[in-house]
Amino acid sequence: MRKILLIAGLIFLLSVLFTTPAYCGDAIKKLGRGLCNVVTCPFELPLQISRVNNSEGPAAASTWGVLKGIGKMGIRVVVGVYEVATFPLPFPKDYTPILVDPEFFFEEENW
């Protein structure tokens, strides 16, 4: 009987801890967004080099494009690790994304 009460108490505790984030549904999106940012961060380097090459030429791509790619790659991995580590917490307010333009790597930038 004691074992059954312990298991029931553990199930109740886990359901109370994880019901609120699971109910709103945004904690899982925050986790997915963070994992996506961590996995896709290396693709920022060639993407930024290509964009700078198309807009300003190969000399700028080999200097400014590389620096821009490394910077965006660093930002994306730091934000991704933060979102994975804090996905159950509603920070920032209501799980809003930190990176908004673009929120995910494969989206187009609006600038």
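## A tour from helix α2

Select helix α2 and colour Ala27, Lys30, Arg33, Gly34, Asn37 and Thr40, which are buried (under 20% relative accessible area with a 1.4 Å probe, protein chains only; exposed is over 50%, and partly exposed lies in between). The model is predicted, so local features need pLDDT of at least 70 and side-chain atom pairs pLDDT 80 or more, while totals for chains, interfaces and linings use all residues. Residues are numbered from 1 along each chain as its sequence is written, and side-chain values use heavy atoms, leaving out hydrogens and water.

**The whole chain.** Zoom out: the protein chain has 4 helices and 0 strands (DSSP runs, H or I of at least four residues for helices and E of at least two for strands, numbered from the N terminus). Buried residues are 25% of its 111 residues.

**Helix α2 end to end.** Put a distance between the end C-alpha atoms of α2: they are 21 Å apart, which agrees with the 21 Å that its 15 residues should span at 1.5 Å a residue (the expected span is 1.5 Å times one less than the number of residues).

**Lys30.** Next select Lys30, placed in helix α2 (residues 26-40). What is the nearest side chain of opposite charge to Lys30? It is Glu83, 6.1 Å away, and Lys30 is buried yet has no salt bridge (a side-chain nitrogen of Lys or Arg within 4 Å of a carboxyl oxygen of Asp or Glu; Lys and Arg count as positive, Asp and Glu as negative, and His and the chain ends are not counted). Show backbone oxygens as well: the Lys30 side chain reaches that of Leu89 at 3.1 Å, and a polar atom of the same side chain lies 2.5 Å from that of Phe91. Leaving aside residues up to four places away in sequence, Lys30 touches Glu83, Thr86, Phe87, Leu89, Phe91 and Tyr95 (contact means heavy atoms within 4.5 Å).

**Glu83 and Arg33.** Stay with Glu83 and add Arg33: their side chains form a salt bridge at 3.1 Å, N to O. Glu83 lies in helix α4 (residues 58-85) and Arg33 in helix α2, so the pair ties together parts 50 residues apart in sequence. Glu83 counts as buried at 2% relative accessibility, and Arg33 is buried with a relative accessible area of 3%.

**Glu44 and Arg76.** Finish at Glu44 and Arg76, whose side chains meet in a salt bridge at 2.9 Å, N to O. This pair links distant parts of the chain, with Glu44 in helix α3 (residues 44-56) and Arg76 in helix α4, 32 residues apart. Both Glu44 and Arg76 are buried. The structure holds 2 salt bridges.

Notes
Polar contact = N/O pair within 3.5 Å; in protein donor to acceptor, adjacent residues only side chain to side chain.
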